[in-house]
Amino acid sequence: RLRSIVESIAPVDVFSELALIYGLRATSRLLQGTVEVSKDQVWDFWKDCISRARTRWSVLTYTKAEDTWNLGWGSTTALAIQKERIANGCHIERIFLVDSQEELEKLYETAEQQREIGVEVYYLFKSKLLAGQHCRNALDSLGTSDIAVADGSWVYRTLLNSSRDMVGASATRNQDVLKKAEFIL
């Protein structure tokens, strides 16, 4: 009897795994195919999300380097996780979205470390991205400029406030969100 109960709630795909793991936590929310976590869970959630990408992780990164990649965790653990995904056949491409040349220069070492492990790295000034009305509208409706598409089937979003500080994260398989994220990427 217990086996049938467990089988009835067993996840059928990687996104369902995330929903099950985080949907049961008091500090997370699960609403209509979207899982949301608070700021204190962002790193674990990111790790769990990227670890479930099988073939492709395409990402637009807008979090500040000093809050992510330039921290010890970002330059060691995050690199190791990405290296493992690449070794297991997952293609990772990252577009660093920046506001200034100074910010871009701060990311050179990080980008080089990522290239060395096999991440395909690009840069884009946010002003260029926002020059297109369709891109601006898509980003507005996504609610963040820090997004990833996993395996072409679901979207990870780092939620940022107006100062670009991380305030949480979410993952969704909402098809409208997926189409907009794929359009941007």
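Visitor: How many bridges join strand 3 to strand 4, and do the two run parallel or antiparallel?

Guide: Strands of a sheet pair through backbone hydrogen bonds, in either a parallel or an antiparallel manner. In this predicted model, strand 3 (residues 56-61) and strand 4 (residues 91-98) run parallel and are joined by 6 bridges. One residue to look at is S58, whose bridge partner in strand 4 is E93.

Visitor: In what order do the strands of the sheet lie?

Guide: The order is 1-2-8-7-6-3-4-5, which makes an open sheet of 8 strands with mixed pairing. Strand 1 (28-31) and strand 5 (120-125) each have a single partner strand and stand at the edges, so one side of each has no neighbour in the sheet. From one strand to the next, the twist averages 15 degrees.

Visitor: Which strands does helix 2 lie across?

Guide: Helix 2 (residues 14-23) lies across strand 1, strand 2 (34-38), strand 7 (154-160) and strand 8 (166-172). Relative to strand 2, helix 2 runs at about 45 degrees.

Visitor: And where does helix 6 lie?

Guide: Helix 6 (residues 101-117) lies across strand 4 and strand 5, and its angle to strand 5 is about 170 degrees.

Visitor: How should I read the length of helix 6, and where does helix 6 bend?

Guide: Compare the end-to-end span with the expected one. The 17 residues of helix 6 reach 25 Å from first C-alpha to last, close to the 24 Å expected at 1.5 Å a residue. Helix 6 also bends by about 40 degrees at Y108. Just after helix 6 comes G118, with a positive phi of about 110 degrees.

Visitor: Which residues of helix 6 are buried, and what do they pack against?

Guide: The buried residues are E103, L104, L107, T110, A111, Q114 and I117. Their packing partners are helix 5 (77-87), strand 4 and strand 5.

Visitor: Take a single residue, L139. Is L139 buried or exposed?

Guide: Burial is judged by a cut-off: under 20% relative accessible area counts as buried. L139 has 4% relative accessibility, so L139 counts as buried. This residue lies in helix 8 (residues 133-142).

Visitor: What is L139 in contact with, beyond its neighbours within four places in sequence?

Guide: With those neighbours set aside, the contacts of L139 are L60, L129, L130, T144, S145 and I184.

Visitor: How far apart are L139 and C49 in sequence and in space?

Guide: L139 and C49 are 90 residues apart in sequence, and 21 Å separate them in space, C-alpha to C-alpha.

Methods. Residues numbered from 1 in each chain as written. Predicted model: local features only at pLDDT ≥ 70, side-chain atom pairs only at ≥ 80, totals over all residues. Heavy atoms only, no water. Pairing = 2+ DSSP bridges. Helix = DSSP H or I, 4+ residues; strand = E, 2+ residues; numbered from the N terminus. Axes fitted to C-alpha atoms, helices over the stretch in contact; angles between N-to-C directions. Contact = heavy atoms within 4.5 Å. Expected span 1.5 Å × (residues − 1). Bend = angle between axes of the 7 residues up to and from the residue. Buried < 20%, exposed > 50% of the residue type's maximum accessible area, 1.4 Å probe, protein only.
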